[in-house]
Amino acid sequence: MALIEIEHLSHAYPMGEGGQHVALEDVSLAIEAGEFVAVLGSNGSGKSTLAKHLDALLLPTNGTCRIDGMDTKNADQVWRIRQKVGMVFQNPDNQLIAAVVEDDVAFGPENLGVPPREIRQRVDEALAAVGMTKFRTFAPHLLSGGQKQRIAIAGALAMQTECLVFDEATAMLDPEGRAEILSIVKKLHDEQHITMVYITHFMEEAAVADRVIVLDHGKLAMDGTPREVFARADELQELGLDVPLSVELGAKLRNDGIAIPQEIVTEDDLVQALASLVPSHQRNAANDERRAGVQRSMNDKSDAKGGVPVAD
Ligand code: ADP
């Protein structure tokens, strides 16, 4: 049994006067425990609506959504579902409620009636996992956006969540904050095997997932590895999406006759492919030349200053 089982899920928002807006239509999808799935789609394609079904914040108007076998429509199981699936939303300012960081992280387990000593341990572990231990007594409003999102993740970890759903959680962050969050997501996935459902509009972020799902007008349009999905650049463009810069650059270099393999997806892939094109004796020669250049400039400086080498 998959951790997340979505069968023929449709969701229609009521629009008044008996009208409705169909945001998801007949989506079927299974996500296994431990997967890292990125969800892509242009604005309005249904990504947030899908995310909210995973935490029973929305219920299907048709079809089913089961979390670890529990039907989200079963009101008795909503709290168990929310213990299993934690959400991190877009706006870091909307999700922290306490006046002190560690109280915020403790909020969930306190509500579950976890004994105080265990709460202390969970909070300490959760803050350590997101690298925020030294900020534990800070007021959340003093933190950067990326740090606030890290506290939101810690709050979910303190609930011992098995799955984290990120709904464009990096959209309001600067590049540094985005990189921090992505590296924590990767670490928690690799080391704690937490299932990740990661909605993003940054293609570079999706490239590091195990699997990429693309939604279009509420329907599942693509589902595959990043390599498979990003190989369909023309179709993605028709859906209003790009490919990661490394994929685009790799394709351009290939068109220019440079032997870059088709399966380049991440920046690391591209750097390695480019490095492997340079024969090792040339790489060594380039390094020797660079070292000699540094030595020359040191000598020049030492001559100018009367014999003592000066670093910049
Ligand atoms: P995405 O996250 O991909 O931008 P959403 O899931 O937020 O897409 O929205 C999907 C569609 O449902 C959009 O057309 C949006 O306008 C509509 N929608 C979202 N929330 C509501 C709502 N509360 N009431 C009516 N329509 C909504």
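These legends accompany close-up views of a predicted model.

**View 1. Residues around the ligand.**
The shell around the ligand includes Y13, H21 and A23. G41, N43, G44, S45 and G46 also surround the ligand. K47, S48 and T49 complete the set. Two elements give two or more residues each to this shell: strand 2 (19–31) and helix 1 (47–54). Helix 1 gives the most, with three residues.

**View 2. Character of the ligand shell.**
How do the residues of the shell divide by class? Two are nonpolar, eight are polar and one is charged. K47 is the charged one, since lysine counts as charged. Y13 and A23 are the nonpolar pair, because Tyr and Ala both count as nonpolar. Glycines of the shell, G41, G44 and G46, fall in the polar class, because Gly counts as polar here.

**View 3. The open sheet.**
Four strands form an open sheet in the order 2-1-4-5. The pairing is antiparallel. Strand 2 and strand 5 (70–71) are the edge strands. Each of these two pairs on one side only. Strand 2 also gives two or more residues to the shell around the ligand.

**View 4. Strand 1 against strand 4.**
Strand 1 covers residues 4–16. Strand 1 pairs with strand 4 in the antiparallel sense. Five bridges join the two. Within this pairing, I6 stands opposite C65 in strand 4.

**View 5. Strand 4 against strand 5, and the hairpin.**
Strand 4 spans residues 62–67. Two bridges join strand 4 to strand 5, and the two run antiparallel. Which residues face each other here? R66 stands opposite D71 in strand 5, and I67 stands opposite M70 in strand 5. The hairpin of strand 4 and strand 5 has two residues between the strands. In this hairpin, D68 takes a positive phi near 50°.

**View 6. Two domains and their contact.**
The domain assignment of the protein chain gives domain 1 (4–226) and domain 2 (244–304). How far apart are the centres of domain 1 and domain 2? Taken over C-alpha atoms, 38 Å separate them. Domain 1 puts five residues into the contact, and domain 2 puts in four residues. On the side of domain 1 that touches domain 2, four residues are nonpolar and one is charged. No polar residue appears on that side of domain 1.

Methods
Residues are numbered from 1 along each chain as its sequence is written. This is a predicted model: local features need pLDDT of at least 70, side-chain atom pairs count only at pLDDT 80 or more; totals for chains, interfaces and linings use all residues. A residue is near a molecule or strand if its C-beta atom, placed from the backbone, lies within 6 Å of it. Domain bounds come from an automatic or database domain assignment. Two residues are in contact if their C-beta atoms, placed from the backbone, lie within 7 Å. Two strands pair if DSSP finds at least two bridges between them.
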